[in-house]
Amino acid sequence: MSELPSDFTLLQVVPRLETGGAEQTTLDVAAAVRAAGGRALVASMGGRMEPQLLASGAELVRMTVHSKNPFVILGNALRLAGLIRRRKVSLLHVRSRAPAFSAVLAARLTGVPLIATYHGVYNAKSPFKRWYNGVMTRGEVVIANSEFTRRHVLAQHQVDPDKVVAIPRGVDIARFDRAAVSEERKAALAAAWRVDPDDRRVKVLLAGRLTRWKGQALAIAAAAELKARGVADFLLILAGDAQGRSGYLAELEHAIGAHGLEDKVRIVGHCADMPAAYALADLAIAPSLDPEAYGRTAVEPQAMGVPVIAADHGATRETVVPGQTGWLVEPGDAAAWADALQAAIALGAEGRARMGAAAAERARRLYSVEAMCAATLAVYARVLGR
């Protein structure tokens with residue numbers, strides 16, 4: 001932060017503050033700017049993460065930036081431009097496509113530099129969709145949240161490679177520290193999830209919002225295959241918010257019942273204490289059907305010393321080392337996932353603990369919030385220095 005102006009003010013734009021990697025990164029960077037003496041504003045509709053944002057000393061400016069309505073986007077551009085002028089914003093950082101149209105226009109109206117973070121590998125099945133996604137490349141710099149995402153940006157858009165910087169998503173190492181999770185927190189979560197303290201089965205955690213591409217249905221199919229093989233020593237826990245996807249939730253519940261897995265698979269809803277969740281788990285899985293741009297649910301458990309089974313595509317190829325910190329498995333193949341789960345269960349507690357220790361050492365070395373924030377603030381300084 002010493003390279004930035006003493007009156008540095010950052011305005012980040014993100015649709016909502018409910019849950020997710022983009023939202024958590026918004027909070028982390030805002031906190032880093034505040035800790036270094038700058039001012040941090042966030043334009044957003046807000047959500048359940050608001051208290052964390054405000055606790056860092058950052059300020060929420062409530063705005064309908066989630067809207068894709070062209071008239072609302074234009075109005076938001078004018079509102080952002082007014083905010084930039086009133087609060088003497090130094091730099092604008094946008095983290096999603098719909099608000100990026102407003103942010104690009106606001107930056108042009110005010111002359112304030114714009115940075116965009118490409119948080120996802122957006123599908124582009126038509127020229128229009130590629131154009132729509134390309135709004136994220138119209139700023140001074142594009143930050144990609146992994147090398148996989150950076151390669152995707154360069155392949156999809158005609159953009160100078162020097163303009164695209166990979167900064168891996170950071171994990172709050174102090175928060176995701178097994179030693180920092182009290183027995184009381186673990187017990188409270190176990191009670192909420194109806195997990196008996198005497199249950200010695202291998203607890204397999206799939207953390208992620210309930211949406212088809214995250215692979216919950218695949219995990220249930222793999223559990224059914226394990227049951228058919230006579231493997232009984234496991235409890236699969238699906239932790240995540242359905243976010244209104246009642247049809248998919250009903251489908252998962254039907255699959256559990258149809259395979260007679262009521263005692264082996266549990267859907268527990270949104271979890272506010274993910275460190276305690278990973279502390280309860282013996283194994284974490286990330287069976288996404290589509291490539292993850294970063295995949296924090298494969299990194300956070302590793303920081304906690306929990307080995308991970310992840311789909312063999314996307315950024316998890318960067319974050320999981322097969323045979324050392326976890327396993328990589330053919331995406332979408334229920335039998336292959338059952339094989340990997342069976343191998344992880346058979347490895348035993350000591351074997352998983354050794355793998356978890358290697359995972360924690362690597363995650364803490366490569367994927368800390370501090371490293372991510374330092375790299376991000378260095379990009380800010382470089383852009384302002386121009």
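The lining of the second largest pocket in this predicted model divides into 8 nonpolar, no polar and 10 charged residues. The pocket itself holds about 290 Å³ of space. Of its 18 lining residues, those that lie nearest the centre are P197, D199, R200, K203 and L280. Three elements each give two or more residues to this lining, namely α7 (183-192), β8 (202-207) and α10 (274-280). Helix α7 provides the largest share, with 5 residues.

A good next stop for a newcomer is helix α4, which covers residues 97-110. Its 14 residues should span 20 Å at 1.5 Å a residue, and the C-alpha atoms at its ends are indeed 20 Å apart, so expectation and model agree. Because 10 of the 14 residues are buried, α4 is largely enclosed by the rest of the structure. The buried set starts with R97, A98, P99, A100 and F101, and continues with S102, A103, V104, A106 and A107. These buried residues pack against two helices, α3 (70-86) and α5 (127-133), and also against the strands β1 (9-13), β4 (91-94) and β5 (114-118). After α4 comes G111, which has a positive phi near 80 degrees.

Helix α3, one of the packing partners of α4, can be followed in a similar way. It has 17 residues and reaches 24 Å from its first C-alpha to its last, close to the 24 Å expected at 1.5 Å a residue. At its N-terminal end, the helix is capped by N69, with a side-chain oxygen 2.8 Å from the backbone nitrogen of F71. Buried positions in α3 are I73, G75, N76, A77, L80, A81, G82, L83 and I84. The buried residues of α3 pack against α4 and against the strands β1, β2 (39-44), β3 (59-62) and β4. Just beyond the helix, K88 takes a positive phi of about 50 degrees.

Individual residues help to fill in the picture elsewhere. T25 sits in helix α1, which runs over residues 21-35. With a relative accessibility of 5%, T25 falls under the 20% cut-off and therefore counts as buried. Beyond its neighbours within four places in sequence, T25 is in contact with Q12, R95, H119, R169 and M372.

L252 belongs to helix α9, made up of residues 246-258. This leucine counts as buried because its relative accessibility is 1%. When neighbours within four places in sequence are set aside, the contacts of L252 are L210, Q216, A217, I220 and I267. L252 and L218 are 34 residues apart in sequence, while their C-alpha atoms are 9.8 Å apart in space.

The loop between α9 and β10 (265-269) is where E262 is found. Setting aside neighbours within four places in sequence, E262 is in contact with I256 and G257. From E262 to L235 the C-alpha separation is 10.0 Å, and the two residues are 27 residues apart in sequence.

Notes:
Residues numbered from 1 in each chain as written. Predicted model: local features only at pLDDT ≥ 70, side-chain atom pairs only at ≥ 80, totals over all residues. Heavy atoms only, no water. Helix = DSSP H or I, 4+ residues; strand = E, 2+ residues; numbered from the N terminus. Buried < 20%, exposed > 50% of the residue type's maximum accessible area, 1.4 Å probe, protein only. Contact = heavy atoms within 4.5 Å. Expected span 1.5 Å × (residues − 1). Polar contact = N/O pair within 3.5 Å; in protein donor to acceptor, adjacent residues only side chain to side chain. 1 Å grid on protein atoms, 1.4 Å probe; cavity = no way out; pocket = protein on both sides within 12 Å on 5 of 7 lines; lining within 4 Å. Points joined across faces, edges and corners; volume = space filled by probe spheres on them. Nonpolar A, V, L, I, M, F, W, Y, C, P; charged D, E, K, R; others polar.
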